Amino acid sequence: MANRDAEIQSMEVLPTALLATIMTKLDVPSICSIASTSKSLNTCASRILSFLPNFLLLDVAPSIDLLGPLLPPNPYLQTLKVDCHRLDDSAIDSLLQPSLLELSLHNCSDFSGKLLSQVGARCKDLRSLYLSSVAEKRGRSIHVSDLEELLNGCTELETLILMFDVSTFVRDSFARIWALACAKLVSLEIGYVSSLMVTELLTAPGGHHQSPNHTRTSILPSIGKLCLSVDYITDTMVKTISKNLNSLTHLDLRDAPIIEPTVAFDLTNSGLQQINPHGKLKHLSLVRSQEFVTTCFKRVNDLGVLLMADRCSSMESICLGGFCRVTDTGFKTILHSCSKLYKFRVSHGTQLTDLVFHDISATSLSLTHVSLRWCNLLTNHGVVRLSSNMDLTFLDLRDCRSLGDESLRAIGTLTKLKTLLLDGSDISDLGLSYLKQGVISSLISLSVRGCKRLTDKFVTSLFDGSSSLELQELDLSNLPNLSDAGVLLLARSRVPITELRMRQCPLIGDNSVITLASMQVHEDWCRGSTLKLLDLYNCGGLTQLAFRWLKKPYFPRLRWLGVTGSVNRDLVDALARSRPFLRVACRGEELGAGQWDTSDGTYMHDYEEVDELEQWLLEGENDESGDDEEMEEVENVAELVG
């Protein structure tokens, strides 16, 4: 403590300009932490917030009352990223500052379409815009005119990501307004739109009041990246995209049919052959989801893939999901035709076997990302062949149920591997021990969900005696033999886990929660401080005692918690009220930040038991009233830093 006070005093003697320069390199919670340590640093931090170039607050969802002091008018603000789960239209004045070049607003369900129109009116210089879940809450609405004002106002826009449903817009108007889009727009992503609207958008006239002899101006002439989620991926839509977007290098199409598609609303060999007519495409993703109905691309076979491969020799990334009629011949053609391929993903490849990788070592490929989810004919032999790619950093083998321990022996030689997903495979404690010699020291994410042969012993064989592990995400869900004893062994290993999933583990109980709350990764860190996500949904042994250990000050960094609400409804509600910045999920939904971009490159601070942000806001109050309600609100602020 004395050393810390001395460090603070030494910082205070630094010139104000130098302190300000240092603070601009930190994220918002870190600035608030420094502000709580002394009056001079508090004053400096308050000034910094008025000319901070980047403001990123995605781990928690602040209310407008908490956001206001942290986000004053700032003519130097260029990048703003905020989780808007607790905000609505009243926050528009604080969020939309004219100097912004990059704006990312997540979870905007309580906003109306006014958000879009005001972005166009206020943020004229925007280069990048991300909006998700706009007006999804009941009673909120969004109109095509709001999108029109956005496109008309943001004349410098290069990247536009609209992660919400636009299929409710009037089709004719929706197609027409895209003529207003900035000619500099190079990347477009839409959360959901009908395939018919996409076709009409790209074939609509490029301007207004054109004469009959006027040459049609291309819509979105500079688009290089297009990512769409649609109702059906069709030949017509694929042909229209390929014909009209001449600069396309990245195409990502995903559909989720609610009924079996007819020929007119499906992708066939003919449509696949039209992809990449200009030879510029580097990244291709075509995925049919089985979210609503079990279906696949039944009208595409090896011939379609062979015809497509002729134009895809320069491809670097290919993702194919739901191509149930494509066999080893088609998949091997891709691997042998695309010499620059580094990312290869196949899901629901029901006819993909080990033969795809039989002679992969004879190719010049240097694969780094491979995903083969739901490829049930793949066995250990295929994984052994695949593991000849020593540069692999990402390997997804989820739901490949024929894989066993021999595949892990081969995977154990991949010393650059960062992510390994093995859900549902037939591996044992012994198999996981093969990862200890090489892979475990490099892994950041490991999932063994549903590997039912695993017991507590794998924790010892994998983590005991290991040092300097980088593992941050661990999924141990649906393991019937994992008990509190295994969690205790995990805690003793001091692995710096930030996301731990143990849903549907019947033997996990109160002792696991107590153990994790007491877990200390580093001597100078508070207990339980590393966990940001903890999923305990439907764990059989949890009682009221566990909920006591989920309250403050335990788990100070926790942002996501999964529990069973039907059994402990009152306890869940009380916990949610006491920790408003903790997302408590109790209906079995999967937890996580999803596609939020939190890799902003700024420095992160070590979270401590004392909440510095709470102190900073409290010290900023002029009155020293002891009003209980005011103190309770200040305690809520504590969750911003944890």
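Me: Let's start with helix 3: how many of its residues are buried?
Reply: This is a predicted model, so keep that in mind throughout. Helix 3 spans residues 28–35 and is mostly covered. The buried residues in helix 3 include Val 28, Pro 29 and Ile 31, along with Cys 32, Ile 34 and Ala 35. The count of buried residues in helix 3 is 8 of 8.

Me: And across the protein chain, what percentage of residues is buried?
Reply: The protein chain has 24 helices and 20 strands. It runs to 642 residues, and the buried share of them is 55%.

Me: What share of the exposed area in the protein chain do carbon and sulfur atoms supply?
Reply: Start from the total: the protein chain exposes about 27,300 Å². Of that area, carbon and sulfur atoms supply 50%.

Me: Among contacts with a separation of 6 or more, what percentage comes from residues 24 or more positions apart?
Reply: Here we set contacts 24 or more positions apart against those in the protein chain with a separation of 6 or more. The resulting share is 76%.

Me: Why is strand 9 called largely enclosed?
Reply: Look at its two faces, both of which are covered. On one side sit His 283, Ser 285 and Val 287, and on the other Leu 284, Leu 286 and Arg 288, with every one of them buried. Strand 9 is largely enclosed by the rest of the structure because its buried residues number 6 of 6.

Me: Which residue stands opposite Leu 253?
Reply: Strand 8, residues 250–255, pairs with strand 9 in the parallel sense over 6 bridges. Across from Leu 253, in strand 9, is Leu 286.

Me: What about strand 10: which of its residues stands opposite Leu 284?
Reply: Strand 9 and strand 10 are also parallel partners, over 5 bridges. The residue of strand 10 facing Leu 284 is Ile 318.

Me: Is the β-α-β unit of strand 9, helix 13 and strand 10 right-handed or left-handed?
Reply: Strand 9 and strand 10 pair in the parallel sense. Helix 13 joins them in a β-α-β unit, and its hand is right-handed.

Me: Which two cysteines form a disulfide?
Reply: The cut-off for a disulfide is sulfur atoms within 2.5 Å, and the count comes to 1. The sulfur atoms of this pair are 2.0 Å apart, and the cysteines are Cys 296 and Cys 324.

Me: How many residues apart are Cys 296 and Cys 324?
Reply: The link of Cys 296 and Cys 324 is right-handed, with 45 degrees about the S-S bond. It connects distant parts of the chain: Cys 296 is in the loop between strand 9 and helix 13, and Cys 324 in the loop between strand 10 and helix 14. Both cysteines are buried. Their separation is 28 residues.

Me: Which cysteine sulfur is nearest to that of Cys 123?
Reply: Cys 123 is in no disulfide, and the nearest cysteine sulfur is 6.6 Å away. Cys 123 itself counts as buried at 0% relative accessibility. That nearest sulfur belongs to Cys 154.

Me: On to charges: how far apart in sequence are the parts tied together by Asp 110 and Lys 137?
Reply: A search of the whole structure turns up 26 salt bridges, and one of them joins the side chains of Asp 110 and Lys 137 at 3.8 Å, N to O. Asp 110 lies in the loop between strand 3 and helix 7, and Lys 137 in the loop between strand 4 and helix 8, so the parts they tie together are apart in sequence by 27 residues.

Me: Of Asp 110 and Lys 137, which is buried?
Reply: The cut-off for buried is under 20% relative accessible area. Lys 137 has 40% relative accessibility and counts as partly exposed. The value of 14% falls under the cut-off, so the buried residue is Asp 110.

Me: Which helices does the salt bridge of Glu 200 and Arg 171 tie together?
Reply: The side chains of Glu 200 and Arg 171 meet at 2.7 Å, N to O. Arg 171 is partly exposed at 37% relative accessibility. Since Glu 200 lies in residues 195–203 and Arg 171 in residues 171–177, the helices are helix 10 and helix 9.

Me: What is the relative accessibility of Asp 396?
Reply: Asp 396 forms a salt bridge with Arg 398, with the closest N and O atoms 2.7 Å apart. Arg 398 counts as partly exposed at 22%. Asp 396 counts as buried, with a relative accessibility of 2%.

Conventions:
Residues numbered from 1 in each chain as written. Predicted model: local features only at pLDDT ≥ 70, side-chain atom pairs only at ≥ 80, totals over all residues. Heavy atoms only, no water. Salt bridge = Lys/Arg side-chain N within 4 Å of Asp/Glu carboxyl O. Helix = DSSP H or I, 4+ residues; strand = E, 2+ residues; numbered from the N terminus. Buried < 20%, exposed > 50% of the residue type's maximum accessible area, 1.4 Å probe, protein only. Pairing = 2+ DSSP bridges. Right-handed = clockwise from strand over helix to strand, strands pointing away. Contact = heavy atoms within 4.5 Å. Areas by Shrake-Rupley, 256 points an atom, 1.4 Å probe, with all protein chains shown as cover.
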